[in-house]
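Colleague: I am new to this structure. Please take me through one part of it closely.

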Amino acid sequence: MRTMVATFSYPASTYFVRCCSVRENHDQVKLQVNSSIRTNGSFRSPVKVESLKQTVSTTTTLGQAVTIDENGLRQNIPTKKQLVDPHRQGLIIEGGVGYRQTVVIRSYEVGADKTATLESILNLLQETALNHVWMSGLLSDGFGATHGMVRNDLIWVVSRMQVLVDYYPIWGEVVEIDTWVGASGKNGMRRDWLIRSQVTGRIFARATSTWVMMNRKTRRLSKMPEEVRAEVSPWFIEKQAIKEDDVQEKIVKLDKEAKYMNSDLKPKRSDLDMNQHVNNVKYVRWMLETIPDQILEGHQLSGITLEYRRECGSSDIVQSLCEPEEDEILHGVVEPDYCTNLLNGLSSDIINGSGVLTCLEKRPLRYTHLLQTKGEKQNDEIVRGRTTWKRKISTMPFST
């Protein structure tokens with residue numbers, strides 16, 4: 001492996017850029033730099049020196065452009081469609097329109113039980129979605145926005161998301177994440193994911209989401225311009241990770257009498273994404289903090305549905321509400337007045353020989369959630385949610 005370290009002298013400061021060539025026959029690396037350059041090590045490709053105020057551009061064999069402008073900003077965005085990305089362990093699938101990325105579950109992505117957290121899974125979904133756009137060659141300088149979207153001051157916002165988890169991958173496990181897109185109505189886009197074990201092929205989780213466009217300046221929803229439709233529609237396929245029949249009914253709005261509540265939540269600067277609003281993974285964290293500890297200790301989240309209403313900014317004060325959809329006494333949260341009604345509901349299963357405990361073990365526990373901003377006159381909804389929980393099962397042992 002050959003390594004080149006170059007120093008570019010600008011009027012205000014000095015920048016260091018490292019370029020690596022993995023193969024001996026790597027294409028020549030072209031650099032447009034200032035008049036002074038210092039190179040440590042050796043490299044066969046000649047370095048061309050241009051005028052003082054030129055933008056620095058490095059072109060690699062993968063068609064990716066690394067630019068450093070006079071303000072010191074760096075980008076590394078592909079200029080054309082890529083089929084393989086060795087840096088991200090990604091490749092294009094599904095006849096040239098889907099994307100697959102191989103990921104190792106890292107230590108900081110797991111909880112105390114050594115399984116990946118839901119937040120980590122959501123972050124992986126977001127990352128693979130953005131990498132899919134990255135590989136397409138359509139990515140501009142926005143947060144997943146295409147060139148046409150940037151020209152029209154548009155950004156993507158998620159309006160609905162559903163994740164179903166059968167098994168949580170464990171620390172060190174290698175998983176494959178597939179993602180693809182399709183049409184959702186006239187002006188929306190559907191994105192789906194599938195997470196599986198690379199070794200066994202076992203499906204760990206499935207997810208689906210609906211995305212719409214928002215004007216970056218007015219913060220209002222927008223129709224999809226024809227030039228954007230022309231960019232994204234060739235990537236659409238008819239495939240669903242979660243069938244529409246499995247999509248549950250709309251989520252009811254909670255009121256101030258909700259059983260569990262967490263008030264005065266304040267977004268931190270680190271909670272904001274590149275579109276300057278709170279990242280949707282933070283919403284999930286706020287929701288889960290209202291779940292009783294007894295449930296968190298004995299159960300795993302098996303499903304979550306989110307319906308987004310408005311964005312949340314850095315100046316908002318957020319309130320998280322949570323209400324169980326059924327009796328909690330059977331799941332370790334003591335409430336004394338429910339046994340009769342619940343057993344009546346289970347009577348048919350008991351008569352059929354399943355037994356009380358067996359029936360109770362099979363019953364999932366559901367919670368309804370609401371995040372809202374606290375206003376002087378009224379509270380505005382941010383996102384409604386529903387979580388489904390099942391009793392924890394022992395994880396598969398580590399291979400030796």
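Colleague: Start with one pair, then go on to helix H4 and its salt bridges. Are Glu 381 and Arg 384 buried or exposed?

Modeller: Both Glu 381 and Arg 384 are buried. Buried means under 20% relative accessible area, exposed over 50%, and partly exposed in between, with a 1.4 Å probe and protein chains only. This is a predicted model, where local features need pLDDT of at least 70, side-chain atom pairs count only at pLDDT 80 or more, and totals for chains, interfaces and linings use all residues. Residues are numbered from 1 along each chain as its sequence is written, and side-chain values use heavy atoms, leaving out hydrogens and water.

Glu 381 and Arg 384 form a salt bridge, with their closest N and O atoms 2.5 Å apart. A salt bridge is a side-chain nitrogen of Lys or Arg within 4 Å of a carboxyl oxygen of Asp or Glu. The whole structure holds 18 salt bridges.

Now helix H4. H4 spans residues 280-288, and 8 of its 9 residues are buried. Among them are Val 281, Tyr 283 and Trp 286. Helices (H or I, at least four residues) and strands (E, at least two) are DSSP runs, numbered from the N terminus. Asn 279 caps the N-terminal end of H4. Its side-chain oxygen lies 2.9 Å from the backbone nitrogen of Val 281.

Lys 282 in H4 meets Asp 271 in a salt bridge (3.9 Å, N to O). Asp 271 sits in the loop between strand E15 (260-265) and H4, 11 residues from Lys 282. Asp 271 counts as buried because its relative accessible area is 8%. Lys 282 is buried too, at 13% relative accessibility.

Methods: A polar contact is a pair of N or O atoms within 3.5 Å; within protein, one must be able to donate a hydrogen and the other to accept it, and residues adjacent in sequence count only if both atoms are side-chain atoms.
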